[in-house]
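Before reading on, please take a moment to look at the sequence and the model side by side. The report below is meant for someone meeting this structure for the first time.

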Amino acid sequence: MKSITSVTGPVLLDELGFCQCHEHIMLRRGVSCRLNPALRMDDTDKSMNEVMHYRSAGGHSLVDAQPGGCGRMEKELLEISQKTKVSIIASTGFHKLSFYPDDHWIRNFDSEALLDFFLHEINRGMYMDIDHNPPKTSTCIKAGMIKTALDLEGLTPRYKKLFTAAANAACKTGLPIMVHIEQGADAERLLSLLLDLGVSPSRILFCHMDREILPDNRYTCLLREGIHLEFDTIGRYKYHDDLTEVKCIRRLADAGYINRILLSLDTTRTRMKSYTPDGIGLDYILRVFLPLLRTNGFSDEEIAQLTIKNCRNVFA
Ligand SMILES: [Zn+2]
């Protein structure tokens, strides 16, 4: 693929630039926000302001990782992208089922209906008003990423059905498949399933792999398969400090995998400065984390690999 689908249309791969590949910019109230109030980000002006600061700090593009049916705000993402000139890549796919009402349509769709839904959102446009109602009215705003989620329930029949449809959509469209990996979930088993279903390893991105810093061989076993890992616990000191993160990235870089690691914040209301003044801000990687990488010996070339080239390669 030479271009990536953003909410405003195709973006040339070379114009993707600095990209945080897993963020949440807008999120409407609903089940997920009831479970975690920090997930509600429904003030367009505040979110716009946050993205503006990201752009001023050097951000060119980002992925909004909220799939349809659980609070995605596709029209607002388009408005923010148009006004800030930051390319936003939106997501189809599915989240943890605990984020949907008990009677939600996504639980009842069969694999074929799910595949049709994903393909429509990718090829024609994302559906609107689907948090409660089944897909009916489509926008013209296309999804450029397939977001999925593996929680501790594992690959039970209902999750296998969802992953199968998402993997088929990835194979048919060439889009990357991003997976929320709940801490403690069986990432290796899921990887086998995705590979068996024919997904190219270079299109697979496992997220939150640094909530808990794992033994190096857990990372290298996954990386050896050719997939990408996303480190997005940066600036989240309740898990660990940034230096621990930097040292882990250094070890994986030294083992030959710097071209397989992506950086992001997976941000929430409590970390966006526009919603929470003492939050770290969406520009934290640019302002704070990259200088920390530099003072710890990362070269400009390595930093460009982590923040520009790797994201491009996931889509390319
Ligand atoms: Zn997320």
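What follows describes the chain as a whole, then its sheet, its core and one buried strand.

## Overall form

The structure shown here is a predicted model. Its chain contains 11 helices and 11 strands, and along the principal axes the C-alpha trace spans about 50 × 45 × 40 Å.

For a chain of 316 residues, a compact globule would be expected to have a radius of gyration near 20 Å, and the value of 18 Å found for this chain agrees with that expectation. Buried residues make up 47% of the 316 residues. Among the contacts with a separation of 6 or more, 76% are between residues that lie 24 or more positions apart in the chain.

## The six-stranded sheet

Six strands form an open sheet with parallel pairing, and their order across the sheet is S6-S7-S8-S9-S10-S11. At its edges are strand S6 (91–93) and strand S11 (261–263), each of which pairs on one side only. Neighbouring strands of this sheet are turned against each other by 30 degrees on average, when direction is ignored.

Within this sheet, strand S7 (residues 145–150) and strand S8 (residues 177–181) run parallel and are joined by five bridges. One position to look for is Thr-148, whose bridge partner in S8 is Val-179.

## The nonpolar core

The largest nonpolar core has 92 residues, and those that touch the most other members are Ile-88, Ile-146, Ala-166, Ile-177, Val-179, Leu-205 and Phe-206. Helix H6 (residues 157–173) contributes the largest share of this core, with eight residues.

Val-179 thus appears both as the bridge partner of Thr-148 and among the core residues that touch the most other members. Phe-206 can be followed in a similar way: leaving aside its neighbours within four places in sequence, Phe-206 is in contact with Val-179, Ile-181, Ala-187, Leu-222, Ile-227, Leu-229 and Glu-230.

## An enclosed strand

Why can strand S3 be described as largely enclosed by the rest of the structure? Strand S3 covers residues 19–23, and five of its five residues are buried, so the strand is largely enclosed by the rest of the structure. A residue counts as buried here if 20 or more other C-beta atoms lie within 10 Å of its own.

Strand S3 also has a parallel partner, since three bridges join S3 to strand S4 (residues 61–64). In this pairing, Cys-19 has Ser-61 as its bridge partner in S4.

Note on methods:
Residues numbered from 1 in each chain as written. Predicted model: local features only at pLDDT ≥ 70, side-chain atom pairs only at ≥ 80, totals over all residues. Pairing = 2+ DSSP bridges. Helix = DSSP H or I, 4+ residues; strand = E, 2+ residues; numbered from the N terminus. Axes fitted to C-alpha atoms, helices over the stretch in contact; angles between N-to-C directions. Rg over C-alpha atoms; globule rule 2.2 N^0.38 Å. Buried ≥ 20, exposed ≤ 12 C-beta atoms within 10 Å, placed from the backbone. Contact = placed C-beta atoms within 7 Å. Core = buried A, V, L, I, M, F, W, Y, C linked by C-beta atoms within 7 Å.
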